[in-house]
Amino acid sequence: MAGGARPDGEVQVETDRLLLRPWRVTEAAVHRQLWTERGPRVPPHRRIDANGRPTLGELEDWTRANQPSTTGVLAVERRSAGDVIGYCGLVANGRGADDEPELAFELLRRVWGHGYGLFGESVGWGDTPTGTSSI
């Protein structure tokens, strides 16, 4: 498993099966599909609202505005198929210490049950540019 910033500055983490990398504008439809698959247990501000927002265009704009960094969520790409199946990354932890981010991930329902959800906790996050020692 390898992680870190590439020479071009793009943050990337690799496992045998997956590549975690910044979202691309062309993947906004996958991002929106994740929003549409969320159930009622997800807080309303994280689901598609009555007006159909966020729209595909809004998610494209979000991708353009959110440049790669050492925290935040990265797209999860299956290396064998080259398709994006969700996201994973480190986000601010609302309950712990400021320097202790939490792991967040979400995968498309069509790939549930294939063991992809286990990768997030196995990634060597301390080896990534966050340098965090506690999650």
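How many residues does the hairpin use to join β2 to β3? Three: select β2 (residues 11-14) and β3 (residues 18-21), and you'll find the hairpin running through three residues to link them. One thing to keep in mind as you click around: this is a predicted model.

**Stop 1: β3 and its neighbours**

Stay on that hairpin. The two strands run antiparallel, and two bridges join β2 to β3. Pick Glu14 and look across: Leu19 in β3 stands opposite.

Now show the side chains of β3. Leu18 and Leu20 point one way, Leu19 and Arg21 point the other way, and all of them are buried.

Next, add β4 (residues 72-78) to your selection. β3 pairs with β4 in the antiparallel sense too, this time over four bridges. To see one facing pair, click Leu18, which has Arg78 of β4 opposite.

**Stop 2: a salt bridge between strands**

Zoom in on Arg21 and Glu77. Their side chains meet in a salt bridge, 2.7 Å from N to O. Arg21 belongs to β3 and Glu77 to β4, so this pair ties together parts that are 56 residues apart in sequence. Are these two partners buried or exposed? Arg21 is buried at 1% relative accessible area, and Glu77 counts as buried as well, at 13%. Add Glu27 to the view: Arg21, Glu27 and Glu77 are linked in a network of salt bridges.

**Stop 3: helix α1**

Select residues 28-36, which make up α1, and colour Ala28, His31, Leu34 and Trp35: these are the buried residues of the helix. Then turn the view to look down the axis of α1; the buried residues fall within an arc of 115°, so they line one face of the helix. What covers them? Bring up α2 (56-65), β5 (84-91) and β6 (102-107), which are among the elements doing so.

**Stop 4: two more salt bridges**

The structure holds eight salt bridges, so here are a couple of others to click on. In α2, Asp61 forms one with Arg64, with the closest N and O atoms 3.0 Å apart. The two sit three residues apart in the helix, about one helical turn. Asp61 is partly exposed at 46% relative accessibility, and Arg64 is partly exposed at 45%.

Finally, go to Asp83 and Arg110, whose closest N and O atoms are 3.4 Å apart in another salt bridge. Asp83 is in the loop between β4 and β5, and Arg110 in the loop between β6 and α3 (119-122), so the pair ties together parts 27 residues apart in sequence. Asp83 is buried at 18%, while Arg110 is partly exposed at 47%.

Technical notes
Residues are numbered from 1 along each chain as its sequence is written. This is a predicted model: local features need pLDDT of at least 70, side-chain atom pairs count only at pLDDT 80 or more; totals for chains, interfaces and linings use all residues. Side-chain values use heavy atoms; hydrogens and water are left out. Buried means under 20% relative accessible area, exposed over 50%, partly exposed in between (1.4 Å probe, protein chains only). The arc is that of the directions from the helix axis to the C-beta atoms. Contact means heavy atoms within 4.5 Å. Two strands pair if DSSP finds at least two bridges between them. A salt bridge is a side-chain nitrogen of Lys or Arg within 4 Å of a carboxyl oxygen of Asp or Glu.
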